[in-house]
Structure formats: C-alpha cells, structure tokens
Amino acid sequence: MFFRLIESFSAVALCAFILASTTATPSLAQDTAEAPGPTVLVQTVETQSIRPSFTHPARIEALNTASIRPTVQAQITAMHITAGDFVEEGDLLVEMDETHCRIALAQAHAALKQAEAAAIKADLDLDRATQLSQSNTVSQREVEYAQAQADVAQAQVDVASAQIAQAEEDLADTKVYAPFSGRISAPNYSVGDLFTVGDPTQPPYIATIVSLDPIYAVGLVDQSNYFGFLAKRLEIQEAGGSIPPLELEAILPGGEVYPEKGTFENWDNTGAASTGTIAARVLFPNPHGVLLPGQNVTIRGQVIEPIQAPLIPQRAVSLDQQGHFVWVVGEDNTVERRTISVGVRSGANWTITEGLADGEQVVVEGLQSMRPGLTVSPQPYDS
C-alpha cells in the first residue's frame with residue numbers, strides 16, 4: 001500500500017513538471033527576447049565654436065640680474081642704496097676712496113715722462129750711430145745695437161701710456177653706477193668697509209639689482225608634451241594651416257588675474273635631464289613692478305579667435321595600442337568601436353579631428369561592458 005501511494009505521488013509530480021515545461025517555458029523565452037539591453041549614457045557629436053584653453057604653473061624670473069661688484073680694492077666712502085628702491089640706469093650707487101688710484105695715476109704719468117725722455121735719447125744715439133757708420137767710424141753692429149735701444153725705449157713709452165689708461169680706469173671704477181633700471185637689494189657693506197676683490201672671507205658683491213619691466217614667467221613643460229607640440233605644429237604647417245594665436249594671462253597667488261597680457265617669448269636652449277622638462281618663457285609688461293622674481297603664478301592660455309570643432313567629453317575617449325577610440329551607438333542601438341584622432345582639449349571636452357560626424361552618438365558612461373554588436377538602451381548624458 002505504501003509503495004502504491006509513492007507511485008501515485010510520483011505520477012502526479014511528473015505530470016505537473018511536464019505541464020510546467022509546456023506552458024511556462026515559452027513565456028520565459030518571450031520575456032528574455034523582449035528584455036532591453038544595458039542602459040548607457042550617450043552624447044551626440046556636435047560642432048561648436050570654442051576657445052581652447054590651458055593652465056600651467058610658472059615662476060617669475062627677471063630678464064637681467066646683476067651683482068654690484070667693484071673691480072678695485074678700496075674703502076667705501078659713500079653708499080646710495082636703499083633696500084627695495086627702484087633705480088634708473090646710470091644712477092650712482094657706491095663711491096670708494098680715490099686716494100690710491102690717484103697716486104697710481106700720478107706715478108703712471110711720471111713713468112711716461114721718464115720713458116719719453118729715454119726714447120728721445122735713444123733716437124739721438126741712433127741718429128749719431130747712423131752718421132758715423134757712413135764714414136766707417138763705427139761698425140754696422142753698433143748701428144743695429146742703437147736701433148734696438150731705440151725700439152726698447154719706444155716700447156717703454158707704450159707701457160707707460162697703458163699704465164696711465166689702467167690708472168684712469170681704476171679711478172673711474174671707484175664710482176659704481178646702475179647697469180640698468182630695476183629694483184635693488186639691501187647692501188652687504190656699509191660706509192667705511194674695505195671692499196677687497198676676490199676675498200673669500202667677505203661677501204662677493206655689495207648688492208644685487210634685477211630688471212622688472214618687462215619680466216618673464218617661466219613654466220617647466222614635460223619634454224613629451226614639448227615634442228608632441230612640435231609634431232602637431234609641423235603637421236598643421238605641412239597641411240597649410242597656422243598655429244592660432246594665444247591670449248596669455250598670469251593668475252596671481254590670490255586668484256586675481258594680472259591685468260597685462262603676456263606673449264610667448266621662447267623655449268629654453270637646453271632641457272633638464274633630471275626632471276625631464278624644458279622651460280618655456282612668457283614675457284609680461286610690468287610697468288608698476290607688481291610681478292617680482294621668485295613669485296609663483298599660474299599661466300592661463302586661451303585661443304584668441306574661436307575655432308569650429310566637434311566636441312565630445314574626454315571620459316568618452318579610450319586609449320589602447322591602436323590609438324584613441326570611442327563606442328558609437330548606431331540607429332539600431334548596437335555599438336561599434338570607432339578609431340578617432342583627437343585635437344586640443346576644451347575644458348572637460350576633447351575636439352575630434354577625424355573619425356566622427358555631427359549627429360553620431362558616443363557612449364560616455366557604461367564603457368566597461370561595451371563590445372562590438374552589443375544592443376544597448378541609450379539615454380542622454382547630462383554633463
């Protein structure tokens with residue numbers, strides 16, 4: 001009896017399973033077929049008018065820096081230096097004791113007179129020897145000796161003249177003038193100090209002066225970006241185009257924009273192997289001395305004339321060994337991989353030079369699950 005009940009129960013269960021298989025399975029298959037693909041956020045490619053920009057840290061540097069360093073050893077008698085003052089080219093900065101220089105100049109003049117007198121005597125001896133040689137009173141050798149003596153005497157005149165010039169130069173160097181206009185530092189010496197050239201126990205210079213107008217903002221650019229810029233510039237030039245002019249600004253540490261516009265001056269003539277960078281210089285007018293050497297600023301560059309370019313978000317662009325690519329959603333909502341060429345960045349977007357047309361849709365979010373031919377449910381991307 002027990003076994004008959006088990007057999008009856010098994011038969012009922014088997015019938016229920018067969019019924020479920022013939023009724024429920026088609027419904028499940030139909031639901032799966034009608035299920036939508038994964039939802040992705042897409043952006044429609046659209047040509048826009050943009051002014052690409054960039055920012056880069058920089059440091060202010062002076063065009064000219066000079067050390068006020070006298071070339072003579074003497075005591076300082078007057079100092080016309082106030083720390084932080086603006087000085088004009090040719091302003092008198094330092095006066096030094098002239099006593100020793102004037103003595104040296106007087107000695108040089110006396111040496112010249114003595115040399116000139118010796119030269120006159122040597123010339124007379126030469127004339128007399130020449131006349132006596134014509135009557136065979138003296139030998140030709142004595143004439144040649146007299147000629148040599150005259151040449152030596154003339155050389156002594158030249159030496160004495162050079163000593164006078166040197167003494168006059170030393171006397172002039174007791175007054176030190178500003179080599180160019182700029183701001184001067186605090187002096188390292190005071191009136192009464194003895195300045196000795198080349199003395200390692202003393203400060204090597206009296207003060208320093210830096211030019212302020214104009215002034216450099218120097219940014220260290222990664223060498224890979226530098227070579228990339230050169231390659232892109234060559235590509236544009238070979239295609240008959242030109243690099244668009246930039247508007248360059250300096251943003252001060254407090255966030256204020258410096259009112260004067262800058263112009264790109266040059267790249268440095270060498271790169272820094274230790275950091276893998278190369279310096280780029282931007283020249284700024286600085287009529288009021290607001291920018292000072294050593295300050296840190298941010299350079300912001302922006303294209304002056306707007307350019308027309310198709311834009312897509314940077315996050316939609318992927319990169320592998322084949323280059324930059326995006327996932328494009330077709331009219332049937334299937335995705336395909338598309339290789340593209342990117343241009344300049346504009347904020348959070350990237351300009352596209354090749355590979356996309358206006359109106360096409362690219363996937364911005366949901367890139368991890370993308371594969372060719374996948375059907376998706378596109379939704380607008382809200383940046």
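## Exercises on a predicted model

The largest nonpolar core has 20 residues, and Ile-68, Ile-81, Leu-93, Val-94, Ile-206 and Ile-209 touch the most other members. Keep in mind as you work that this is a predicted model.

**Exercise 1. Find which strands give two or more residues to the largest nonpolar core, then look at the contacts of Ile-209.**

Step 1. Start with the elements: strand S4 (65–68), strand S5 (74–79), strand S7 (92–96) and strand S11 (207–210) each give two or more residues to this core.

Step 2. Now pick Ile-209 and skip its neighbours within four places in sequence. Its contacts include Ala-66, Ile-68 and Val-87, and also Ala-178, Pro-179 and Phe-180.

Step 3. Look for another core. A second, separate one has 19 residues, among them Cys-101, Val-138, Val-143 and Ala-150.

Step 4. Connect this to a broader pattern: in soluble globular proteins, nonpolar side chains tend to be buried together.

**Exercise 2. Work out the strand order of the six-stranded open sheet and say which strands stand at the edges.**

Step 1. Write down the order, which is S13-S16-S3-S12-S15-S14, with antiparallel pairing.

Step 2. Read off the two ends. Strand S13 (246–251) and strand S14 (263–272) each have a single partner strand, so one side of each lacks a neighbour in the sheet.

Step 3. Add the twist: on average, neighbouring strands of this sheet are turned by 35° against each other, direction ignored.

Step 4. Zoom in on one pair. Seven bridges link strand S3 (residues 53–62) to strand S16 (residues 296–303) in the antiparallel sense. One residue to locate is His-56, whose bridge partner in S16 is Ile-299.

**Exercise 3. Decide whether Thr-277, Ile-352 and Asn-333 are buried, partly exposed or exposed.**

Step 1. The cut-off you need is that buried means under 20% relative accessible area and exposed means over 50%, with partly exposed in between.

Step 2. Thr-277 lies in strand S15 (residues 277–284). Its relative accessible area is 12%, so Thr-277 is buried. Beyond four places in sequence, Thr-277 is in contact with residues including Leu-220, Val-221 and Ala-272.

Step 3. Ile-352 belongs to strand S22 (residues 349–354). With a relative accessible area of 5%, Ile-352 is buried too. Not counting residues up to four places away, Ile-352 touches Pro-310, Ile-312, Ile-340, Ser-341 and Val-342. Take Pro-310: it is 42 residues from Ile-352 in sequence, yet the C-alpha atoms are 5.7 Å apart.

Step 4. Asn-333 sits in the loop between strand S19 (323–329) and strand S20 (335–339). Its relative accessibility is 30%, so Asn-333 counts as partly exposed. Check its backbone as well: phi is near 65°, a positive value in a residue other than glycine.

**Exercise 4. Locate the cis peptide bond that joins Asp-213 and Pro-214.**

Step 1. Check the angle: omega is about 0° for this bond.

Step 2. Place the proline. Pro-214 is in the loop between S11 and strand S12 (215–222).

**Exercise 5. Judge which part of the model to read with caution.**

Step 1. Begin with the overall picture: the average pLDDT is 83, and 88% of the residues score at least 70.

Step 2. Turn to residues 1–34, where pLDDT stays under 50 and the model has two contacts beyond four places in sequence.

Step 3. Draw the lesson: where pLDDT is low, the predicted coordinates should not be read in detail.

Technical notes. Residues are numbered from 1 along each chain as its sequence is written. This is a predicted model: local features need pLDDT of at least 70, side-chain atom pairs count only at pLDDT 80 or more; totals for chains, interfaces and linings use all residues. Side-chain values use heavy atoms; hydrogens and water are left out. Two strands pair if DSSP finds at least two bridges between them. Helices (H or I, at least four residues) and strands (E, at least two) are DSSP runs, numbered from the N terminus. Axes are lines fitted to C-alpha atoms, for helices over the stretch in contact, and angles run from 0 to 180 degrees between N-to-C directions. A nonpolar core is a set of buried Ala, Val, Leu, Ile, Met, Phe, Trp, Tyr and Cys residues joined through side-chain atoms within 4.5 Å. Buried means under 20% relative accessible area, exposed over 50%, partly exposed in between (1.4 Å probe, protein chains only). Contact means heavy atoms within 4.5 Å. pLDDT is the predictor's confidence in each residue, from 0 to 100.
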